[in-house]
Amino acid sequence: MDQLITEVSEHFAKKESIKTLIKDQCVELDTCLMQFGQHLQQYHMDFQLNELETSFSSKLVSPFCKTLDVLFTKFDQAAFYEHMQHLVSDRFRRFVMATLFVHFLKDRELFSYSSLLSLIKSHLSKPALSHFVFPIEVYLWGCCMVVSELTRLALNATTHKHYALTQDIQKFLSSLYAGMKLITFKNDGLRKKFDSLKYDVKQVDHILYDLSIRQLIP
Amino acid sequence: SQQSSSSSAPPQNPSSVGSKRSTSTRDGPKSHDSRPHKKQKTISSSTDPIFSLFQGLSVEYERLVNSEESAYKLSRDITRESKKVISSLQRYHGKNHTVLDQAENALKKIVSTHIAQLQKVMDDYDKAEYTYFLFHKKFSFGLEEFMEGLSMYWYLKNGSLISSKEVADFAGIHIDTHDYIQGISDLAGELMRYATARMARGDKESCFNATAFLQQMYQNYMRLSVEGALTYKGKESYRFKMRAFLQSTMKCEKLCAELMARDAEKVEAKSVEAK
(Lines give C-alpha, C1' and ligand atoms only; values in the text may rest on other atoms or scores of the structure.)
Protein backbone atom coordinates (compact mmCIF):
# COMPACT_ATOMS: atom_id res chain seq x y z
CA MET A 1 0.00 0.00 0.00
CA ASP A 2 2.92 2.39 0.75
CA GLN A 3 4.25 2.05 -2.76
CA LEU A 4 0.78 2.73 -4.17
CA ILE A 5 0.47 5.90 -2.11
CA THR A 6 3.91 7.08 -3.20
CA GLU A 7 3.17 6.42 -6.88
CA VAL A 8 -0.20 8.11 -6.78
CA SER A 9 1.15 11.10 -4.87
CA GLU A 10 3.94 11.54 -7.41
CA HIS A 11 1.47 11.25 -10.27
CA PHE A 12 -0.76 14.00 -8.90
CA ALA A 13 2.16 16.22 -7.89
CA LYS A 14 3.45 16.00 -11.46
CA LYS A 15 -0.01 16.82 -12.86
CA GLU A 16 -0.31 19.83 -10.59
CA SER A 17 3.08 21.20 -11.63
CA ILE A 18 2.27 20.73 -15.33
CA LYS A 19 -1.06 22.49 -14.79
CA THR A 20 0.70 25.44 -13.10
CA LEU A 21 3.10 25.76 -16.04
CA ILE A 22 0.24 25.72 -18.54
CA LYS A 23 -1.76 28.27 -16.53
CA ASP A 24 1.19 30.68 -16.52
CA GLN A 25 1.32 30.50 -20.30
CA CYS A 26 -2.47 30.90 -20.51
CA VAL A 27 -2.07 34.26 -18.78
CA GLU A 28 0.19 35.33 -21.70
CA LEU A 29 -2.42 34.10 -24.18
CA ASP A 30 -5.16 36.01 -22.39
CA THR A 31 -3.07 39.19 -22.36
CA CYS A 32 -2.51 39.27 -26.12
CA LEU A 33 -6.16 38.35 -26.78
CA MET A 34 -7.33 41.19 -24.54
CA GLN A 35 -4.97 43.68 -26.17
CA PHE A 36 -6.13 42.74 -29.64
CA GLY A 37 -9.73 42.73 -28.39
CA GLN A 38 -9.42 46.44 -27.66
CA HIS A 39 -8.39 47.11 -31.28
CA LEU A 40 -11.23 44.91 -32.48
CA GLN A 41 -13.68 47.00 -30.48
CA GLN A 42 -12.09 50.12 -31.94
CA TYR A 43 -12.78 48.78 -35.44
CA HIS A 44 -16.47 48.41 -34.60
CA MET A 45 -16.43 52.17 -33.96
CA ASP A 46 -14.14 53.64 -36.60
CA PHE A 47 -13.76 50.96 -39.34
CA GLN A 48 -10.02 51.65 -39.74
CA LEU A 49 -8.81 48.39 -41.29
CA ASN A 50 -5.10 49.36 -41.48
CA GLU A 51 -4.82 49.83 -37.74
CA LEU A 52 -6.65 46.56 -37.13
CA GLU A 53 -4.33 44.64 -39.47
CA THR A 54 -1.22 46.13 -37.85
CA SER A 55 -2.37 45.27 -34.35
CA PHE A 56 -3.43 41.80 -35.55
CA SER A 57 0.12 40.89 -36.65
CA SER A 58 2.02 42.66 -33.88
CA LYS A 59 -0.28 42.29 -30.87
CA LEU A 60 -1.98 38.98 -31.56
CA VAL A 61 -0.33 36.61 -34.02
CA SER A 62 3.29 37.05 -32.93
CA PRO A 63 2.86 36.87 -29.14
CA PHE A 64 0.14 34.19 -29.34
CA CYS A 65 2.23 31.93 -31.58
CA LYS A 66 5.28 32.60 -29.42
CA THR A 67 3.39 31.30 -26.37
CA LEU A 68 2.12 28.32 -28.35
CA ASP A 69 5.74 27.65 -29.28
CA VAL A 70 6.70 27.57 -25.60
CA LEU A 71 3.84 25.22 -24.77
CA PHE A 72 4.34 22.80 -27.63
CA THR A 73 8.09 22.68 -27.15
CA LYS A 74 7.50 21.40 -23.63
CA PHE A 75 4.41 19.25 -24.25
CA ASP A 76 3.63 16.78 -27.01
CA GLN A 77 0.31 15.75 -28.57
CA ALA A 78 -0.52 13.27 -25.79
CA ALA A 79 0.20 15.92 -23.15
CA PHE A 80 -2.00 18.38 -25.06
CA TYR A 81 -5.03 16.11 -24.81
CA GLU A 82 -4.20 15.03 -21.27
CA HIS A 83 -3.43 18.39 -19.66
CA MET A 84 -3.78 21.33 -22.00
CA GLN A 85 -6.90 20.94 -24.02
CA HIS A 86 -9.45 22.21 -21.52
CA LEU A 87 -7.19 25.13 -20.52
CA VAL A 88 -5.97 26.28 -23.93
CA SER A 89 -8.93 25.48 -26.20
CA ASP A 90 -10.98 28.52 -25.26
CA ARG A 91 -8.09 30.89 -25.96
CA PHE A 92 -7.31 29.07 -29.19
CA ARG A 93 -10.91 29.48 -30.35
CA ARG A 94 -10.81 33.21 -29.74
CA PHE A 95 -7.57 33.42 -31.72
CA VAL A 96 -9.17 31.54 -34.62
CA MET A 97 -12.19 33.85 -34.48
CA ALA A 98 -9.99 36.94 -34.58
CA THR A 99 -7.98 35.56 -37.52
CA LEU A 100 -11.09 34.68 -39.51
CA PHE A 101 -12.55 38.12 -38.75
CA VAL A 102 -9.52 40.06 -39.91
CA HIS A 103 -9.03 37.87 -42.97
CA PHE A 104 -12.65 38.39 -44.01
CA LEU A 105 -12.27 42.14 -43.71
CA LYS A 106 -9.10 42.05 -45.83
CA ASP A 107 -10.09 39.60 -48.56
CA ARG A 108 -13.83 38.97 -48.13
CA GLU A 109 -13.23 35.24 -47.94
CA LEU A 110 -12.92 32.48 -45.38
CA PHE A 111 -9.45 31.71 -44.12
CA SER A 112 -9.28 27.93 -44.56
CA TYR A 113 -8.21 25.43 -41.92
CA SER A 114 -5.06 24.52 -43.83
CA SER A 115 -4.09 28.18 -44.35
CA LEU A 116 -4.56 28.92 -40.66
CA LEU A 117 -2.50 25.86 -39.79
CA SER A 118 0.28 27.09 -42.10
CA LEU A 119 0.11 30.59 -40.59
CA ILE A 120 0.59 29.26 -37.06
CA LYS A 121 3.25 26.75 -38.08
CA SER A 122 5.26 29.50 -39.78
CA HIS A 123 5.75 31.07 -36.34
CA LEU A 124 6.72 27.88 -34.53
CA SER A 125 10.18 26.49 -33.94
CA LYS A 126 11.20 23.01 -35.08
CA PRO A 127 10.66 21.19 -31.73
CA ALA A 128 7.17 22.70 -31.41
CA LEU A 129 6.24 21.86 -35.02
CA SER A 130 6.44 18.12 -34.41
CA HIS A 131 4.18 18.41 -31.34
CA PHE A 132 1.71 20.99 -32.59
CA VAL A 133 -1.97 20.03 -32.54
CA PHE A 134 -4.75 22.07 -34.10
CA PRO A 135 -8.00 20.22 -33.38
CA ILE A 136 -10.66 20.61 -36.02
CA GLU A 137 -13.24 21.45 -33.36
CA VAL A 138 -11.29 24.56 -32.42
CA TYR A 139 -11.52 25.77 -36.03
CA LEU A 140 -15.26 25.03 -36.14
CA TRP A 141 -15.76 26.91 -32.88
CA GLY A 142 -13.87 29.83 -34.37
CA CYS A 143 -16.18 29.76 -37.42
CA CYS A 144 -19.23 29.84 -35.14
CA MET A 145 -17.82 32.69 -33.07
CA VAL A 146 -16.93 34.78 -36.12
CA VAL A 147 -20.57 34.60 -37.26
CA SER A 148 -21.65 36.30 -34.03
CA GLU A 149 -18.91 38.90 -34.32
CA LEU A 150 -19.72 39.67 -37.94
CA THR A 151 -23.41 39.99 -37.09
CA ARG A 152 -22.47 42.66 -34.60
CA LEU A 153 -20.26 44.30 -37.21
CA ALA A 154 -23.15 44.29 -39.71
CA LEU A 155 -25.27 46.21 -37.21
CA ASN A 156 -22.52 48.75 -36.56
CA ALA A 157 -21.71 49.06 -40.27
CA THR A 158 -25.36 49.83 -41.01
CA THR A 159 -25.34 52.48 -38.27
CA HIS A 160 -22.29 54.08 -39.91
CA LYS A 161 -23.80 53.74 -43.42
CA HIS A 162 -21.25 51.19 -44.68
CA TYR A 163 -23.96 49.36 -46.59
CA ALA A 164 -21.57 47.55 -48.95
CA LEU A 165 -19.86 45.97 -45.96
CA THR A 166 -23.22 44.86 -44.59
CA GLN A 167 -24.06 43.22 -47.93
CA ASP A 168 -20.68 41.48 -48.03
CA ILE A 169 -21.19 40.21 -44.50
CA GLN A 170 -24.63 38.86 -45.39
CA LYS A 171 -23.29 36.98 -48.43
CA PHE A 172 -20.38 35.61 -46.46
CA LEU A 173 -22.48 34.49 -43.51
CA SER A 174 -25.05 32.78 -45.76
CA SER A 175 -22.24 30.91 -47.48
CA LEU A 176 -20.53 30.02 -44.21
CA TYR A 177 -23.75 28.86 -42.57
CA ALA A 178 -24.60 26.73 -45.60
CA GLY A 179 -21.16 25.16 -45.47
CA MET A 180 -21.44 24.44 -41.75
CA LYS A 181 -24.76 22.70 -42.29
CA LEU A 182 -22.81 19.98 -44.11
CA ILE A 183 -21.32 18.90 -40.81
CA THR A 184 -23.20 16.48 -38.58
CA PHE A 185 -22.34 17.86 -35.18
CA LYS A 186 -22.37 15.60 -32.16
CA ASN A 187 -24.53 16.61 -29.23
CA ASP A 188 -22.23 19.02 -27.41
CA GLY A 189 -21.56 22.72 -26.87
CA LEU A 190 -20.42 23.18 -30.46
CA ARG A 191 -23.73 21.91 -31.76
CA LYS A 192 -25.65 24.27 -29.49
CA LYS A 193 -23.48 27.17 -30.69
CA PHE A 194 -24.14 26.16 -34.29
CA ASP A 195 -27.88 25.98 -33.62
CA SER A 196 -27.83 29.55 -32.34
CA LEU A 197 -26.17 30.80 -35.57
CA LYS A 198 -29.40 30.75 -37.51
CA TYR A 199 -30.65 33.65 -35.39
CA ASP A 200 -27.51 35.65 -36.21
CA VAL A 201 -27.90 34.92 -39.93
CA LYS A 202 -31.58 35.81 -39.70
CA GLN A 203 -30.71 39.08 -37.98
CA VAL A 204 -28.31 40.06 -40.78
CA ASP A 205 -30.92 39.10 -43.40
CA HIS A 206 -33.38 41.31 -41.56
CA ILE A 207 -30.94 44.23 -41.62
CA LEU A 208 -30.51 43.81 -45.39
CA TYR A 209 -34.25 43.63 -45.81
CA ASP A 210 -34.68 46.86 -43.85
CA LEU A 211 -32.07 48.55 -46.04
CA SER A 212 -33.58 47.27 -49.27
CA ILE A 213 -37.17 48.33 -48.50
CA ARG A 214 -35.85 51.77 -47.62
CA GLN A 215 -34.01 51.70 -50.97
CA LEU A 216 -30.70 52.38 -49.27
CA ILE A 217 -29.12 49.51 -51.21
CA PRO A 218 -29.78 48.42 -54.81
CA SER B 1 -47.36 29.34 -65.24
CA GLN B 2 -44.57 26.97 -64.80
CA GLN B 3 -42.60 26.50 -61.68
CA SER B 4 -38.90 26.01 -61.71
CA SER B 5 -38.10 23.83 -64.66
CA SER B 6 -34.91 22.32 -65.89
CA SER B 7 -34.31 25.37 -68.06
CA SER B 8 -34.15 27.79 -65.10
CA ALA B 9 -30.77 29.12 -64.04
CA PRO B 10 -29.19 27.48 -61.02
CA PRO B 11 -29.66 29.52 -57.84
CA GLN B 12 -27.00 32.06 -56.84
CA ASN B 13 -27.14 31.25 -53.18
CA PRO B 14 -25.79 27.78 -52.48
CA SER B 15 -27.82 27.62 -49.27
CA SER B 16 -31.04 27.07 -51.22
CA VAL B 17 -30.79 23.35 -50.92
CA GLY B 18 -33.05 21.04 -52.85
CA SER B 19 -33.30 23.32 -55.90
CA LYS B 20 -31.67 20.70 -58.10
CA ARG B 21 -34.19 18.07 -57.01
CA SER B 22 -37.24 20.35 -57.33
CA THR B 23 -36.74 20.75 -61.10
CA SER B 24 -38.53 17.45 -61.75
CA THR B 25 -41.74 18.11 -59.77
CA ARG B 26 -43.76 19.14 -62.82
CA ASP B 27 -42.41 16.41 -65.08
CA GLY B 28 -44.25 13.48 -63.59
CA PRO B 29 -46.08 12.14 -60.55
CA LYS B 30 -44.62 13.37 -57.31
CA SER B 31 -42.43 10.83 -55.66
CA HIS B 32 -40.72 10.75 -52.34
CA ASP B 33 -37.38 11.46 -53.98
CA SER B 34 -38.61 14.62 -55.68
CA ARG B 35 -39.39 16.39 -52.38
CA PRO B 36 -36.74 18.88 -51.34
CA HIS B 37 -34.79 17.60 -48.37
CA LYS B 38 -34.17 19.72 -45.31
CA LYS B 39 -30.48 18.93 -45.24
CA GLN B 40 -28.47 17.87 -48.23
CA LYS B 41 -24.95 16.66 -47.64
CA THR B 42 -23.38 17.36 -51.00
CA ILE B 43 -24.29 19.60 -53.88
CA SER B 44 -21.74 18.83 -56.51
CA SER B 45 -22.78 21.77 -58.66
CA SER B 46 -21.66 24.31 -56.04
CA THR B 47 -18.45 26.09 -56.92
CA ASP B 48 -18.35 28.01 -53.64
CA PRO B 49 -14.89 27.43 -52.09
CA ILE B 50 -16.40 27.60 -48.61
CA PHE B 51 -18.64 24.66 -49.51
CA SER B 52 -15.74 22.47 -50.66
CA LEU B 53 -13.75 23.48 -47.56
CA PHE B 54 -16.54 22.32 -45.27
CA GLN B 55 -17.08 19.13 -47.26
CA GLY B 56 -13.50 18.19 -46.43
CA LEU B 57 -13.87 19.29 -42.81
CA SER B 58 -17.07 17.31 -42.37
CA VAL B 59 -15.33 14.09 -43.45
CA GLU B 60 -12.58 14.64 -40.89
CA TYR B 61 -15.03 15.66 -38.17
CA GLU B 62 -17.25 12.62 -38.78
CA ARG B 63 -14.25 10.34 -38.55
CA LEU B 64 -13.50 11.76 -35.10
CA VAL B 65 -17.12 11.55 -33.95
CA ASN B 66 -17.53 7.97 -35.21
CA SER B 67 -14.39 6.89 -33.34
CA GLU B 68 -15.66 8.59 -30.17
CA GLU B 69 -19.03 6.85 -30.53
CA SER B 70 -17.36 3.46 -31.00
CA ALA B 71 -15.20 4.04 -27.91
CA TYR B 72 -18.28 5.04 -25.91
CA LYS B 73 -20.24 1.94 -26.98
CA LEU B 74 -17.33 -0.36 -26.13
CA SER B 75 -17.02 1.34 -22.77
CA ARG B 76 -20.69 0.62 -22.09
CA ASP B 77 -20.10 -3.03 -22.97
CA ILE B 78 -17.13 -3.14 -20.58
CA THR B 79 -19.29 -1.58 -17.85
CA ARG B 80 -22.09 -4.10 -18.39
CA GLU B 81 -19.77 -7.13 -18.33
CA SER B 82 -17.86 -5.83 -15.30
CA LYS B 83 -21.10 -5.31 -13.38
CA LYS B 84 -22.02 -8.96 -14.12
CA VAL B 85 -18.66 -10.06 -12.70
CA ILE B 86 -19.21 -8.00 -9.55
CA SER B 87 -22.73 -9.46 -9.08
CA SER B 88 -21.37 -12.99 -9.41
CA LEU B 89 -18.55 -12.27 -6.92
CA GLN B 90 -21.12 -11.20 -4.33
CA ARG B 91 -22.14 -14.89 -4.13
CA TYR B 92 -18.63 -15.99 -3.07
CA HIS B 93 -18.46 -17.40 0.46
CA GLY B 94 -14.89 -18.70 0.75
CA LYS B 95 -15.57 -22.27 -0.33
CA ASN B 96 -17.18 -22.00 -3.77
CA HIS B 97 -13.97 -21.34 -5.71
CA THR B 98 -15.75 -21.89 -9.02
CA VAL B 99 -17.18 -18.39 -8.57
CA LEU B 100 -13.65 -16.98 -8.52
CA ASP B 101 -12.60 -19.06 -11.52
CA GLN B 102 -15.62 -17.90 -13.49
CA ALA B 103 -14.93 -14.30 -12.52
CA GLU B 104 -11.31 -14.61 -13.61
CA ASN B 105 -12.36 -16.03 -16.98
CA ALA B 106 -14.96 -13.29 -17.43
CA LEU B 107 -12.42 -10.56 -16.63
CA LYS B 108 -9.89 -12.01 -19.04
CA LYS B 109 -12.60 -12.19 -21.70
CA ILE B 110 -13.37 -8.50 -21.19
CA VAL B 111 -9.70 -7.73 -21.79
CA SER B 112 -9.39 -9.93 -24.87
CA THR B 113 -12.61 -8.72 -26.50
CA HIS B 114 -13.85 -5.28 -25.48
CA ILE B 115 -10.60 -3.69 -24.31
CA ALA B 116 -8.76 -5.08 -27.32
CA GLN B 117 -11.47 -3.64 -29.60
CA LEU B 118 -11.14 -0.31 -27.82
CA GLN B 119 -7.42 -0.34 -28.51
CA LYS B 120 -8.16 -1.11 -32.16
CA VAL B 121 -10.56 1.85 -32.42
CA MET B 122 -7.83 4.14 -31.11
CA ASP B 123 -5.20 2.63 -33.42
CA ASP B 124 -7.51 2.93 -36.42
CA TYR B 125 -7.93 6.64 -35.71
CA ASP B 126 -4.21 7.23 -35.29
CA LYS B 127 -1.41 4.99 -34.10
CA ALA B 128 -0.08 7.56 -31.66
CA GLU B 129 -0.05 7.91 -27.91
CA TYR B 130 -2.30 10.96 -27.86
CA THR B 131 -5.41 9.01 -28.96
CA TYR B 132 -5.61 7.49 -25.45
CA PHE B 133 -6.13 10.96 -23.97
CA LEU B 134 -8.20 12.17 -26.92
CA PHE B 135 -10.84 9.49 -26.30
CA HIS B 136 -10.27 9.13 -22.57
CA LYS B 137 -13.46 10.91 -21.53
CA LYS B 138 -15.48 8.45 -23.62
CA PHE B 139 -14.09 5.24 -22.18
CA SER B 140 -12.82 6.11 -18.68
CA PHE B 141 -16.08 5.10 -16.95
CA GLY B 142 -15.81 1.61 -18.49
CA LEU B 143 -12.24 1.17 -17.29
CA GLU B 144 -13.22 2.34 -13.81
CA GLU B 145 -15.95 -0.30 -13.64
CA PHE B 146 -13.49 -2.92 -14.90
CA MET B 147 -11.01 -1.88 -12.19
CA GLU B 148 -13.76 -2.20 -9.60
CA GLY B 149 -14.54 -5.77 -10.69
CA LEU B 150 -10.89 -6.70 -10.94
CA SER B 151 -10.00 -5.27 -7.53
CA MET B 152 -12.95 -7.07 -5.91
CA TYR B 153 -11.91 -10.37 -7.49
CA TRP B 154 -8.31 -9.80 -6.32
CA TYR B 155 -9.40 -8.97 -2.78
CA LEU B 156 -11.61 -12.10 -2.49
CA LYS B 157 -8.84 -14.29 -3.92
CA ASN B 158 -5.77 -12.83 -2.18
CA GLY B 159 -7.13 -10.64 0.61
CA SER B 160 -5.18 -7.61 -0.62
CA LEU B 161 -5.45 -4.60 -2.89
CA ILE B 162 -4.34 -5.11 -6.48
CA SER B 163 -1.51 -2.79 -7.53
CA SER B 164 -1.20 -1.21 -10.96
CA LYS B 165 1.71 -3.55 -11.74
CA GLU B 166 -0.47 -6.55 -10.87
CA VAL B 167 -3.20 -5.13 -13.13
CA ALA B 168 -0.68 -4.99 -15.98
CA ASP B 169 0.46 -8.59 -15.25
CA PHE B 170 -3.09 -9.95 -15.01
CA ALA B 171 -4.72 -8.06 -17.84
CA GLY B 172 -1.74 -7.18 -20.02
CA ILE B 173 -2.87 -3.55 -20.18
CA HIS B 174 -1.71 -0.36 -18.53
CA ILE B 175 -4.47 1.52 -16.74
CA ASP B 176 -4.09 5.23 -16.17
CA THR B 177 -3.67 6.28 -12.50
CA HIS B 178 -6.91 8.26 -12.64
CA ASP B 179 -8.97 5.22 -13.74
CA TYR B 180 -7.14 3.01 -11.24
CA ILE B 181 -7.90 5.28 -8.27
CA GLN B 182 -11.51 5.83 -9.32
CA GLY B 183 -12.00 2.09 -9.73
CA ILE B 184 -10.59 1.06 -6.38
CA SER B 185 -12.57 3.87 -4.71
CA ASP B 186 -15.77 2.22 -5.90
CA LEU B 187 -14.66 -1.05 -4.31
CA ALA B 188 -15.81 0.21 -0.90
CA GLY B 189 -19.48 0.13 -1.84
CA GLU B 190 -19.25 -3.41 -3.18
CA LEU B 191 -17.28 -4.64 -0.17
CA MET B 192 -19.86 -3.06 2.11
CA ARG B 193 -22.61 -5.02 0.29
CA TYR B 194 -20.48 -8.15 0.51
CA ALA B 195 -19.88 -7.69 4.25
CA THR B 196 -23.61 -7.15 4.84
CA ALA B 197 -24.53 -10.26 2.86
CA ARG B 198 -21.90 -12.38 4.65
CA MET B 199 -23.06 -11.14 8.02
CA ALA B 200 -26.68 -12.05 7.18
CA ARG B 201 -25.47 -15.58 6.47
CA GLY B 202 -23.58 -15.76 9.76
CA ASP B 203 -20.08 -15.39 8.26
CA LYS B 204 -18.67 -12.95 10.81
CA GLU B 205 -15.05 -13.44 9.76
CA SER B 206 -15.59 -12.15 6.21
CA CYS B 207 -17.47 -9.15 7.59
CA PHE B 208 -14.68 -8.22 10.03
CA ASN B 209 -11.95 -8.79 7.41
CA ALA B 210 -13.73 -6.56 4.88
CA THR B 211 -14.15 -3.83 7.50
CA ALA B 212 -10.48 -3.97 8.49
CA PHE B 213 -9.45 -3.80 4.83
CA LEU B 214 -11.67 -0.77 4.19
CA GLN B 215 -10.37 0.99 7.30
CA GLN B 216 -6.78 0.48 6.16
CA MET B 217 -7.62 1.72 2.65
CA TYR B 218 -9.35 4.82 4.00
CA GLN B 219 -6.37 5.57 6.23
CA ASN B 220 -4.17 5.51 3.14
CA TYR B 221 -6.62 7.79 1.33
CA MET B 222 -6.12 10.23 4.21
CA ARG B 223 -2.39 10.10 3.51
CA LEU B 224 -3.02 10.95 -0.14
CA SER B 225 -5.11 13.90 0.97
CA VAL B 226 -2.44 15.12 3.39
CA GLU B 227 0.32 14.73 0.82
CA GLY B 228 -1.61 16.90 -1.57
CA ALA B 229 -2.73 14.42 -4.20
CA LEU B 230 -6.43 14.62 -3.49
CA THR B 231 -6.41 18.38 -3.26
CA TYR B 232 -5.67 18.33 -6.99
CA LYS B 233 -8.17 20.96 -7.94
CA GLY B 234 -9.10 19.62 -11.33
CA LYS B 235 -10.74 16.51 -9.96
CA GLU B 236 -13.71 17.16 -7.70
CA SER B 237 -14.71 13.54 -8.32
CA TYR B 238 -11.85 12.30 -6.10
CA ARG B 239 -13.18 14.14 -3.09
CA PHE B 240 -16.67 12.88 -3.82
CA LYS B 241 -15.37 9.29 -4.03
CA MET B 242 -13.49 9.72 -0.78
CA ARG B 243 -16.67 10.84 0.96
CA ALA B 244 -18.57 7.84 -0.42
CA PHE B 245 -15.69 5.57 0.64
CA LEU B 246 -15.90 6.87 4.21
CA GLN B 247 -19.66 6.31 4.31
CA SER B 248 -19.28 2.69 3.17
CA THR B 249 -16.52 2.12 5.74
CA MET B 250 -18.67 3.58 8.50
CA LYS B 251 -21.58 1.31 7.54
CA CYS B 252 -19.28 -1.72 7.80
CA GLU B 253 -18.00 -0.51 11.18
CA LYS B 254 -21.57 -0.13 12.37
CA LEU B 255 -22.33 -3.70 11.22
CA CYS B 256 -19.32 -5.02 13.14
CA ALA B 257 -20.32 -3.11 16.26
CA GLU B 258 -23.89 -4.46 16.11
CA LEU B 259 -22.54 -7.95 15.58
CA MET B 260 -20.25 -7.66 18.60
CA ALA B 261 -23.06 -6.25 20.72
CA ARG B 262 -25.39 -9.10 19.71
CA ASP B 263 -22.72 -11.70 20.44
CA ALA B 264 -21.94 -10.09 23.80
CA GLU B 265 -25.68 -10.09 24.62
CA LYS B 266 -25.94 -13.81 23.74
CA VAL B 267 -22.91 -14.67 25.89
CA GLU B 268 -24.39 -12.67 28.77
CA ALA B 269 -27.77 -14.35 28.35
CA LYS B 270 -26.14 -17.78 28.37
CA SER B 271 -24.13 -17.02 31.50
CA VAL B 272 -27.28 -15.74 33.24
CA GLU B 273 -29.10 -18.94 32.26
CA ALA B 274 -26.20 -21.04 33.47
CA LYS B 275 -26.36 -19.28 36.87
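This passage describes the fold, surface and nonpolar core of a predicted model. Local features need pLDDT of at least 70 and side-chain atom pairs count only at pLDDT 80 or more, whereas totals for chains, interfaces and linings use all residues. Residues are numbered from 1 along each chain as written, chains are lettered from A and ligands numbered from 1 in order of writing, and side-chain values use heavy atoms, leaving out hydrogens and water.

Chain A contains 8 helices and 0 strands, with helices taken as DSSP runs (H or I) of at least four residues and strands as runs (E) of at least two, numbered from the N terminus. Its C-alpha atoms occupy a box of roughly 80 × 40 × 25 Å along the principal axes. Of contacts (heavy atoms within 4.5 Å) between residues at least 6 apart in sequence in chain A, 78% link residues at least 24 apart.

Turning to the surface, 52% of the 218 residues in chain A are buried, that is, under 20% relative accessible area with a 1.4 Å probe, counting protein chains only. The accessible surface of chain A (Shrake-Rupley, 1.4 Å probe) amounts to about 10000 Å², and carbon and sulfur atoms account for 52% of that.

The largest nonpolar core, a set of buried Ala, Val, Leu, Ile, Met, Phe, Trp, Tyr and Cys residues joined through side-chain atoms within 4.5 Å, has 159 residues; among those touching the most other members are A:Phe92, A:Tyr139 and B:Phe146. Helix H3 of chain A (residues 77-107) supplies the largest share of this core, 17 residues. Leaving aside residues up to four places away in sequence, B:Phe146 touches residues including B:Ile78, B:Ser82, B:Leu107 and B:Ile175.

Technical notes. Buried means under 20% relative accessible area, exposed over 50%, partly exposed in between (1.4 Å probe, protein chains only).
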